[in-house]
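Thanks for letting me look this one over. Here are my notes, in the order I would read them with the structure open.

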Amino acid sequence: MSLELPTNKKYHVCFTVDFDAFSLWLGPNQVTSPTVLSRGEYGARVGIGRILDLLEKYDIRSTFFVPGHTTDTYPDIIEDIHERGHEIGHHGYCHERPNDLQRDEEEEVIDKGIKSIEDVIGEKPVGYRSPGWDPSQNTIELLLKKDFVYDSSMMADDFTPYRCRVRDKISKEKPIEFGKETDLLEIPVHWSLDDFPHFAFSEEPSKGSELSSPSKVFEIWSGDFDYMYDKLEKGVFTLTIHPQIIGRGHRINMVEKLIEHIKNYREVTFMKMKEVANFWKQNKYV
Ligand SMILES: [Zn+2]
């Protein structure tokens, strides 16, 4: 007879989806080449359906970060994602990098993105992911002003959410003076757990021209998950995937393999980010 010892282990897994579509190319880079734009369109025509089918198959609910431009272009898809029980998070309007914007411009973009989501699903988003993972010094204050509960754009931890600070004093000449911790929770991300750097082809070598094999990426992603499970008592494993990148057959098959790998562990729950934020706050883990 085998004896299962009680465990305090608790892990949350967020397979977050950044549904950029055209905005990724139009916004920061202002590219209008039909072939480049069609890479974004692939995400809406093909990639998003494959992701939704996969999540449905494993009964996983997740968070989709969507720019207002994508929401306004594809309201039916966004409604469908919402009706399937997934969370819709804010991801700018046309993928503007907040760090490139003045405070009033950034606030305008946040308001515009909120309106697009609210118009389609009838609810305001509570989660935010900065386009390009490039928030400005004003972003946290603006998100608090707009009643957001969490952000998922920064990298000061790996598996442990933390409270965002405002008004750090940053200097090259003297030590950093840390500002005040706020109620806004950061659910951290990292480029290594994002499909884009691994798989997004660029014709400019300086921007990376990766076309990794899925087995290499599986090794990296499952390796990080396994580390969290083995070494930490609790944690959040956050993956970031893009329909226009991960939708390709060999890659989506690898994501399924990863889900199968993670599902072997009984202390693991797949969750939406807003559920993770509430859980970690309510249990005073952070
Ligand atoms: Zn994006």
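1. A word on terms before the strands: two strands count as paired if DSSP finds at least two bridges between them. With that in mind, E1 and E2 just qualify as a parallel pair, joined by 2 bridges. In this pair, Val 17 has Phe 64 of E2 as its bridge partner. Please keep in mind throughout that this is a predicted model.

2. Staying with E1, there are further parallel partners to look at. Strand E8 (residues 234–241) pairs with E1 over 8 bridges, and Phe 237 in E8 is the bridge partner of Val 13. Strand E9 (residues 268–270) also runs parallel to E1, with 3 bridges; here Val 13 stands opposite Phe 270. Because 8 of its 9 residues are buried, E1 is largely enclosed by the rest of the structure.

3. On the E2 side, the pairing continues. Strand E2 (residues 63–66) and E3 are parallel and share 4 bridges. Phe 64, the partner of Val 17 in E1, stands opposite Ile 88 in E3.

4. E3 is a nice place to check side-chain directions. In a regular strand the side chains alternate between the two faces of the sheet. Glu 87 and Gly 89 point one way from E3, while Ile 88 and His 90 point the other way. Are these residues buried or exposed? All of them are buried.

5. Now to the metal: which residues hold the zinc ion? Asp 20 contributes two OD entries, and His 91 and His 95 each donate through NE2, at 2.1 to 2.6 Å. The 4 donor atoms subtend angles of 52 to 134 degrees, which makes the arrangement irregular.

6. The donor spacing in sequence is D-x70-H-x3-H. Asp 20 and His 91 thus link distant parts of the chain, 71 residues apart. Asp 20 sits in the loop between strand E1 (10–18) and helix H1 (23–26), whereas His 91 lies in the loop between strand E3 (87–90) and helix H5 (103–121). Both Asp 20 and His 91 are buried.

7. Last, the second largest pocket, with a volume of about 370 Å³. It is lined by 17 residues, and those closest to its centre are Gln 137, Ile 140, Met 154, Arg 165 and Asp 168. Helix H6 (139–145) and strand E6 (162–166) each supply at least two lining residues, and E6 gives the most, with 4. By class, the lining has 10 nonpolar, 3 polar and 4 charged residues.

Terms used: Residues are numbered from 1 along each chain as its sequence is written. This is a predicted model: local features need pLDDT of at least 70, side-chain atom pairs count only at pLDDT 80 or more; totals for chains, interfaces and linings use all residues. Side-chain values use heavy atoms; hydrogens and water are left out. On a 1 Å grid over the protein atoms alone, a cavity is a set of points where a 1.4 Å probe fits but cannot get out, and a pocket is an open set with protein on both sides within 12 Å along at least five of seven lines; lining residues have an atom within 4 Å of a point. Grid points are joined across faces, edges and corners, and a volume is the space filled by probe spheres set on the points. Ala, Val, Leu, Ile, Met, Phe, Trp, Tyr, Cys and Pro count as nonpolar, Asp, Glu, Lys and Arg as charged, and the others, Gly among them, as polar. Donors are N, O and S atoms within 2.8 Å of the metal (3.2 Å for Na, K and Ca); water is not among the atoms, so sites may look incomplete. Four donors count as tetrahedral if all angles lie between 85 and 135 degrees; four count as square planar and six as octahedral if opposite donors are over 155 degrees apart and all others between 65 and 115; anything else is irregular. Buried means under 20% relative accessible area, exposed over 50%, partly exposed in between (1.4 Å probe, protein chains only).
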